[in-house]
Amino acid sequence: MIHRRHILSAAALVPLALALPRSARAAEPRVFQGDRGAINGIDPVAYFDGNGPVPGNPDITHDHDGATWVFASAGNRDAFAAEPLRFAPAFGGYCAFAASRGYLAPTIPEAWSIHEGRLFLNASLRARRLWTAELPDVIAQGEANWPGILG
């Protein structure tokens, strides 16, 4: 049986519970990472060579921006290490179309574009078509949203 003193005791704990810090939402990693490393283990430099998505060799890596990047060749790794901002995809390799809409989405290697010297990845080929149709506004929208998206 619940007595009045049980209710009063529980009520006394409510202010204490409200004063405790709330768990913060865990921030997402700055770089989209799959099981094989940054951007699903695809060599980002290969996109710029016109080869499209090329799987990296797990023995050829470079750590940058909190992620392990995987490369098809030591030359590509060295190029990335020398100029990571040139080769790393925009929006940390997350979907560029989703970033323009204010949220994060994973990407697939085949849904890529290079626009004005920057690599952009998207969640699907359809997302890439939608993103391309709204250029350059979607880039500006993504850049405006990006600082707050990661949490």
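Is leucine 130 buried, partly exposed or exposed? In this predicted model, leucine 130 is partly exposed, because its relative accessible area is 31% and the buried class ends under 20% while the exposed class begins over 50%. The residue belongs to helix H6, which covers residues 125-133. A partner from elsewhere in the sequence can be placed beside this residue: phenylalanine 97 is 33 residues away along the chain, and the two C-alpha atoms are separated by 7.4 Å.

The overall architecture comes next. The protein chain contains seven helices and six strands. Read from the N terminus, these elements follow the order α-β-β-α-β-β-α-α-α-β-β-α-α. The chain has 151 residues, and 36% of them count as buried. Among contacts with a separation of 6 or more, 55% are made by residues 24 or more positions apart. The surface that the protein chain exposes amounts to about 8,900 Å², and carbon and sulfur atoms supply 56% of that area.

Two hairpins can be followed strand by strand. In one of them, strand E3 (residues 57-64) runs antiparallel to E4, and five bridges join the two. Strand E4 spans residues 67-71 and is mostly covered, with four of its five residues buried. Across this pair, aspartate 63 stands opposite threonine 68 of E4. Two residues lie between the strands of this hairpin, and aspartate 65 adopts a positive phi near 55° there.

The other hairpin is built from E5 and E6, which pair in the antiparallel sense over four bridges. Here histidine 115 stands opposite arginine 118 in E6. This hairpin also has two residues between its strands, and in the turn glutamate 116 shows a positive phi of about 50°. Serine 113 sits in strand E5, which covers residues 112-115. With a relative accessible area of 12%, serine 113 is buried, because the class takes in values under 20%. Neighbours within four places in sequence aside, serine 113 is in contact with Arg118, Leu119, Phe120, Arg128, Trp131 and Thr132. Of these partners, Arg118 is the residue that stands opposite histidine 115.

The loops hold several further details for a reader with the structure at hand. Alanine 72 is placed in the loop between E4 and helix H3 (74-82). This alanine is partly exposed, with a relative accessible area of 37%. Its contacts, leaving out neighbours within four places in sequence, are with Asp43, Val54, Pro55, Gly56, Asn57 and Ile60. Glycine 41 is 31 residues from alanine 72 in sequence, and their C-alpha atoms lie 9.6 Å apart.

Backbone angles draw attention to two other loop positions. Asparagine 40 has a phi near 65°, a positive value in a residue other than glycine. Its place is in the loop between strand E2 (37-38) and helix H2 (44-48). Asparagine 40 counts as buried, since its relative accessibility is 15%. Phenylalanine 91 likewise has a positive phi, near 55°, and is a residue other than glycine. The loop that holds phenylalanine 91 runs between H4 and helix H5 (96-101). At 6% relative accessibility, phenylalanine 91 also counts as buried.

A cis peptide bond is another backbone feature of the model. This bond joins leucine 135 and proline 136, with omega at about -5°. Proline 136 is located in the loop between H6 and H7, and H6 is the helix that contains leucine 130.

Finally, the largest pocket has a volume of about 320 Å³. Its lining is made up of 17 residues, and those nearest the centre are Leu85, Ala88, Pro89, Ala90 and Gly92. Helix H4 (84-87), strand E6 (118-121) and helix H7 (137-149) are the elements that each give two or more residues to this lining. By residue type, the lining of the largest pocket divides into nine nonpolar, three polar and five charged residues. Two of these contributors have already appeared above: strand E6 pairs with E5, and H7 follows the loop that carries proline 136.

Definitions and conventions
Residues numbered from 1 in each chain as written. Predicted model: local features only at pLDDT ≥ 70, side-chain atom pairs only at ≥ 80, totals over all residues. Heavy atoms only, no water. Buried < 20%, exposed > 50% of the residue type's maximum accessible area, 1.4 Å probe, protein only. 1 Å grid on protein atoms, 1.4 Å probe; cavity = no way out; pocket = protein on both sides within 12 Å on 5 of 7 lines; lining within 4 Å. Points joined across faces, edges and corners; volume = space filled by probe spheres on them. Nonpolar A, V, L, I, M, F, W, Y, C, P; charged D, E, K, R; others polar. Pairing = 2+ DSSP bridges. Contact = heavy atoms within 4.5 Å. Areas by Shrake-Rupley, 256 points an atom, 1.4 Å probe, with all protein chains shown as cover.
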